[in-house]
Each structure stands twice: as structure tokens, then as C-alpha cells.
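Please open the structure in a viewer and keep the selection panel at hand. Each stop below gives a selection to make and then describes what is found there.

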Amino acid sequence: MELREKQGWPKTLMGLAARLPWWLGLALAGLAYLGLHHLAQKPIGTPQPGQMGGFALSAATHGLALVGQYLLPLFFGIGALLSAFQRGKAARLYAAVASRPGALDGMSWQDFEILVGEYFRRQGYGVTDNGGGGADGGVDVVLQGDDGVHLVQCKHWRALRVGVQPVRELYGVMAAYGAAGGFVVTSGEFTEDAQRFAEGLTLTL
């Protein structure tokens, strides 16, 4: 679903855990430690004639387990902390806007995306922050609903009038990935062209 720049496996693991509920990230950390610790405690044995390949593989696995039993739980644990921080921030933003609508005016685009994600989470969707869209058609948030995947594009409040072009682009990405639906969210307004284009489509403005 996402077109992302390649990154190292530590960041990948932390990013994975950060997208999960914090308690699930901690559970992964615990399971990773228990599983790798078990492998690390197994004796390697001694090399036998004609079995050097198997011995080398066993030694390599043992070495990776020795290191991984600490590194993987660390990365998952950091991701879990990030998840807890993000969810807490999302809840605070939602509460601030619910009690004081003017709070939206000074919000950064990053916080606006977090707020939108929290709104859909409270509607029962599984929510994945897509990191600001970019190369993947401006998709900012990916939703998982009972009927499939929905794509969300957020237009910052400074975009007072959202025209048809970003709406058309998101619909193209939806078609390319077979998404069940999509949303373009702004605190501004949509032009008449944008509204006409979205009529009759599984695309909500």
C-alpha cells in the first residue's frame, strides 16, 4: 500500500511497533526475548566430519540469537513507547478541538493528520499513519474497516479551498490499489468542481 524510502531493519522494527497498540509492542518485545534467549542457551555442539556446513549454520544462528535477544526487544520496546506517546498526543489533540474548535487554527499539518487519524480510530477503523503521503499519491492515513481499506488525504487548514485536482489524484490511487473507499479531509472548503467530481463515488469529502 505504501511507497516508502528503504530504511534499515532497526527503524523498520521500531516503526512496526510504533504503529501497533503500545501493549502489543511490549508483548512482541517479551516474545522476541524469550524466543531468542531460548535459542541462545542451546549448546552449539562440536563439528563432525562432513557436517561443517550444518555446524557453521548452527554457530551463526547461535551468534545472532545471542545479540538479537537484547536488540529486538529494545527496538520493539522503543516502538511501544513511541506508540504510547502518539496515542496520548492524539487523545489530547482530539480533546482540545472538541472543547475549543479554535484550537484547530494554529495546528501544524502533522498534528492535523494525527487528529484526523484519531477521529477515524474513534469511528472504529484501524488506523495507520502514512507519514505525510508524498510519493504514494498524497495518502496521509490508511484505514482498515470491515469492508476493506480506505485511504485518507488531509489538507491542512491553510488550504481554505480544496480544488478538484487532489480529489482526482486520490481517486486514482484508490483505483490503483483497489481501496474500498477514501476520504479527503479539510477544515476549509471544497470547490464546486471537487464536490461534483466526488458525487456518486466511494470518496467522501
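The tour goes from the whole chain to a sheet, a helix, a pocket and two single residues.

**The whole chain**

Begin with the entire protein chain, bearing in mind that this is a predicted model. Colour the chain by secondary structure: six helices and seven strands should appear. Followed along the sequence, these elements come in the pattern α-α-α-α-β-β-β-β-α-β-β-α-β. Of the 205 residues in the chain, 34% are buried. Contacts between residues with a separation of 6 or more deserve attention as well, for 60% of them join residues 24 or more positions apart.

**The sheet**

Next, select strands β1, β2, β3, β5 and β7. They form an open sheet of five strands in the order β1-β2-β3-β5-β7, and the pairing is mixed. Which strands are the edge strands? They are β1 (126-129) and β7, each of which pairs on one side only. In general, the strands of a sheet pair through backbone hydrogen bonds, in either a parallel or an antiparallel manner.

Now restrict the selection to β1 and β2 (residues 141-145). These two strands run antiparallel and are joined by four bridges. To examine one bridge, select Asp129, whose partner in β2 is Val141.

**Helix α5**

Add residues 164-177 to the view; this is helix α5, with 14 residues. From its first C-alpha to its last, α5 reaches 20 Å, close to the 20 Å expected at 1.5 Å a residue. The helix lies across β3, β5 and β7, and runs at about 160° to β3.

Show the side chains of Val164, Pro166, Val167, Leu170, Val173 and Met174, which are the buried residues of α5. What covers them? The cover includes the strands β3 (148-155), β4 (161-162), β5 (181-186) and β7 (203-204), together with helix α6 (192-198). Before leaving, step just past the end of α5 to Gly178, which takes a positive phi of about 65°.

**The second largest pocket**

Turn now to a pocket. Select Phe112, Leu115, Val116, Tyr119 and Val185: among the 16 lining residues of the second largest pocket, these lie nearest its centre. The volume of this pocket is about 270 Å³. Helices α3 and α4 (109-122) and strand β5 each supply at least two residues of the lining. Helix α4 gives the largest share, five residues.

**Ser83**

Select Ser83, which is located in helix α3 (residues 52-99). Is this residue buried or exposed? Ser83 counts as buried because its relative accessibility is 2%, while the cut-off for burial is under 20%. Apart from residues up to four places away in sequence, Ser83 touches Ala17, Ala18, Leu20, Pro21 and Trp22; display these alongside it.

**Leu205**

The last stop is Leu205, in the segment after β7. With a relative accessible area of 33%, Leu205 is partly exposed, since that class lies between the 20% limit for buried and the 50% limit for exposed. Which residues does Leu205 contact, leaving aside its neighbours within four places in sequence? They are Val167, Val184, Phe190, Ala194, Gln195 and Ala198. Val167 has already been shown as one of the buried residues of α5. Finally, draw a distance line between the C-alpha atoms of Leu205 and Thr186: they are separated by 8.2 Å, although the two residues are 19 residues apart along the chain.

Terms used
Residues are numbered from 1 along each chain as its sequence is written. This is a predicted model: local features need pLDDT of at least 70, side-chain atom pairs count only at pLDDT 80 or more; totals for chains, interfaces and linings use all residues. Side-chain values use heavy atoms; hydrogens and water are left out. Buried means under 20% relative accessible area, exposed over 50%, partly exposed in between (1.4 Å probe, protein chains only). Contact means heavy atoms within 4.5 Å. The expected span of a helix is 1.5 Å times one less than its number of residues. Two strands pair if DSSP finds at least two bridges between them. Axes are lines fitted to C-alpha atoms, for helices over the stretch in contact, and angles run from 0 to 180 degrees between N-to-C directions. On a 1 Å grid over the protein atoms alone, a cavity is a set of points where a 1.4 Å probe fits but cannot get out, and a pocket is an open set with protein on both sides within 12 Å along at least five of seven lines; lining residues have an atom within 4 Å of a point. Grid points are joined across faces, edges and corners, and a volume is the space filled by probe spheres set on the points.
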